[in-house]
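This briefing is meant for a reader who is new to the structure shown below. Please keep the sequence and the model in view while reading.

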Amino acid sequence: MAAAGVAPRYETVDGVRIRYVRRGSGPSVVLLHGLASSLFTWKDVVPGLALDHDVVALDLPGFGGSDPAPAVSVDRLRASVVGLMDRLDIPSASLVGNSLGGTAAALVSALHPERVERLVLIDAGGFRLAPESRPWLLRASAGAFGGLLARLPRPRPLVALGLRQVFHDDALVTRERLDEYEAPLLRPGAVAALRAMLRAQAPSAAEFEAMLRKVRAPTLVVWGAEDLWIPVADADRFATAIA
């Protein structure tokens with residue numbers, strides 16, 4: 001946060017304390033990170049965007065520095081995003097979402113079209129929320145393996161494994177990134193919150209596609225051709241479903 005020129009702030013949304021950062025002025029942009037991540041995802045993006053935008057990056061409930069939500073679900077993430085926009089007096093914004101954050105951004109756009117001016121989906125989740133469709137590391141973390149993870153003194157080896165799967169270039173898995181992705185998981189209850197999210201009820205691929213057909217915001221779909229967690233074929237599914 002210091003490197004990006006921002007300081008943490010907090011708002012309470014539906015009884016859950018949400019951490020966020022805000023910088024710049026102009027049209028509003030809200031940045032939504034992925035599973036087991038945090039607003040650190042956007043460290044290198046915030047300074048440039050803030051030159052001519054009002055940029056908000058938040059930790060979704062249960063991740064980063066935000067408290068867990070009592071009832072965990074993808075829909076609760078959607079409600080938290082809209083609730084924070086209300087608290088910050090942001091009537092509408094462009095939403096940028098990566099992975100699970102892309103799922104939340106798409107749902108906000110589908111169910112609250114008046115709140116979303118533009119939508120950017122970066123390797124977005126949504127079509128593979130069912131347990132059998134997830135990467136093996138996430139399937140294992142939701143089960144007995146996740147119980148072992150909760151008892152480990154440090155989750156660093158698993159964090160390193162996960163980052164090497166989601167970064168195509170292993171050289172980008174730096175000590176700084178390892179530190180920043182591990183730190184939130186060291187908070188009491190953080191691993192339990194992650195496992196609860198993985199076990200939460202989620203829309204099926206068909207239900208999610210039906211919601212995407214309600215999206216009316218101009219949408220940019222961005223994907224990594226070598227994504228091992230969410231195949232690039234899903235980019236076409238988003239592009240086909242969104243008008």
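The points below cover aromatic pairs, salt bridges and a few single residues.

The model is a predicted one. Five aromatic pairs are counted in it, along with 14 salt bridges. Several of the pairs described here link parts of the chain that are distant in sequence, such as Phe-127 with Phe-238 and Asp-179 with Arg-156.

**Aromatic rings**

- The count of aromatic pairs comes to five. One of them is formed by Phe-127 and Phe-208, which meet edge-to-face with 5.4 Å from centre to centre and 90° between the planes.
- Phe-127 belongs to the loop between strand S6 (116-124) and helix H4 (136-142), while Phe-208 belongs to helix H9 (residues 205-212), so this pair ties together parts that lie 81 residues apart in sequence.
- Both Phe-127 and Phe-208 are buried.
- Phe-127 also pairs with Phe-238: the ring centres are 5.0 Å apart and the planes stand at 75°, so this pair too is edge-to-face. An angle over 60 degrees is what places a pair in that class.
- The pair of Phe-127 and Phe-238 links distant parts of the chain, with Phe-127 in the loop between S6 and H4 and Phe-238 in helix H10 (residues 233-241), 111 residues apart.
- Are Phe-127 and Phe-238 buried or exposed? Phe-127 has a relative accessible area of 5% and is buried; Phe-238, at 0% relative accessibility, counts as buried as well. Both values fall under the 20% limit for that class.
- One aromatic cluster takes in Phe-127, Phe-208, Trp-223 and Phe-238.

**A charge over a ring**

- Tyr-10 has the charged end of Arg-17 over its ring, at 3.7 Å from the ring centre.

**Salt bridges**

- Salt bridges in the model number 14. One of them joins Arg-177 and Asp-44, whose closest N and O atoms are 3.8 Å apart.
- Arg-177 sits in helix H7 (residues 175-182), and Asp-44 sits in the loop between strand S3 (28-32) and helix H1 (46-49), so the bridge ties together parts 133 residues apart in sequence.
- The two partners fall into opposite classes of accessibility: Arg-177 is buried, with a relative accessible area of 19%, whereas Asp-44 counts as exposed at 57%.
- Another salt bridge runs between Asp-75 and Arg-78, with 2.7 Å between the closest N and O atoms.
- Why are Asp-75 and Arg-78 separated by about one helical turn? Asp-75 and Arg-78 are three residues apart in helix H2 (residues 74-87), which accounts for that separation.
- Asp-75 is partly exposed, with a relative accessible area of 38%, and Arg-78 is buried, with a relative accessible area of 13%.
- Asp-179 bridges to Arg-156, and their closest N and O atoms are 2.9 Å apart. This pair links distant parts of the chain, since Asp-179 is in helix H7 and Arg-156 is in helix H6 (residues 156-166), 23 residues away in sequence.
- Asp-179 counts as partly exposed at 36% relative accessibility, and Arg-156 counts as partly exposed at 22%.
- Lys-43, Asp-44, Glu-176 and Arg-177 are joined into one network by salt bridges that share partners.

**Arg-19**

- Arg-19 is located in strand S2 (residues 16-23), and at 14% relative accessibility Arg-19 counts as buried.
- The side chains of Arg-19 and Asp-59 are joined by a polar contact of 2.6 Å.
- Which residues is Arg-19 in contact with, leaving aside neighbours within four places in sequence? Among them are Met-1, Pro-8, Arg-9, Tyr-10, Ser-38, Leu-39, Leu-58 and Asp-59. The list also includes Gly-64, Gly-65 and Ser-66.

**Leu-35**

- Leu-35 lies in the loop between S3 and H1 and is buried, with a relative accessible area of 18%.
- From C-alpha to C-alpha, Leu-35 and Asn-98 are 8.9 Å apart in space, with their positions 63 residues apart in sequence.

**Ala-193**

- Ala-193 is placed in helix H8 (residues 190-199); at 13% relative accessibility, Ala-193 counts as buried.
- Ala-193 and Asp-67 are 126 residues apart in sequence, and their C-alpha atoms are 9.2 Å apart in space.
- Not counting residues up to four places away in sequence, Ala-193 touches Gly-62 and Pro-68.

Methods
Residues are numbered from 1 along each chain as its sequence is written. This is a predicted model: local features need pLDDT of at least 70, side-chain atom pairs count only at pLDDT 80 or more; totals for chains, interfaces and linings use all residues. Side-chain values use heavy atoms; hydrogens and water are left out. Rings of Phe, Tyr and Trp (its six-membered ring) pair if their centres lie within 6.5 Å; planes under 30 degrees apart count as stacked, over 60 as edge-to-face and the rest as tilted. Helices (H or I, at least four residues) and strands (E, at least two) are DSSP runs, numbered from the N terminus. Buried means under 20% relative accessible area, exposed over 50%, partly exposed in between (1.4 Å probe, protein chains only). A charge sits over a ring if NZ of Lys or CZ of Arg is within 6 Å of the ring centre and within 35 degrees of the ring normal. A salt bridge is a side-chain nitrogen of Lys or Arg within 4 Å of a carboxyl oxygen of Asp or Glu. A polar contact is a pair of N or O atoms within 3.5 Å; within protein, one must be able to donate a hydrogen and the other to accept it, and residues adjacent in sequence count only if both atoms are side-chain atoms. Contact means heavy atoms within 4.5 Å.
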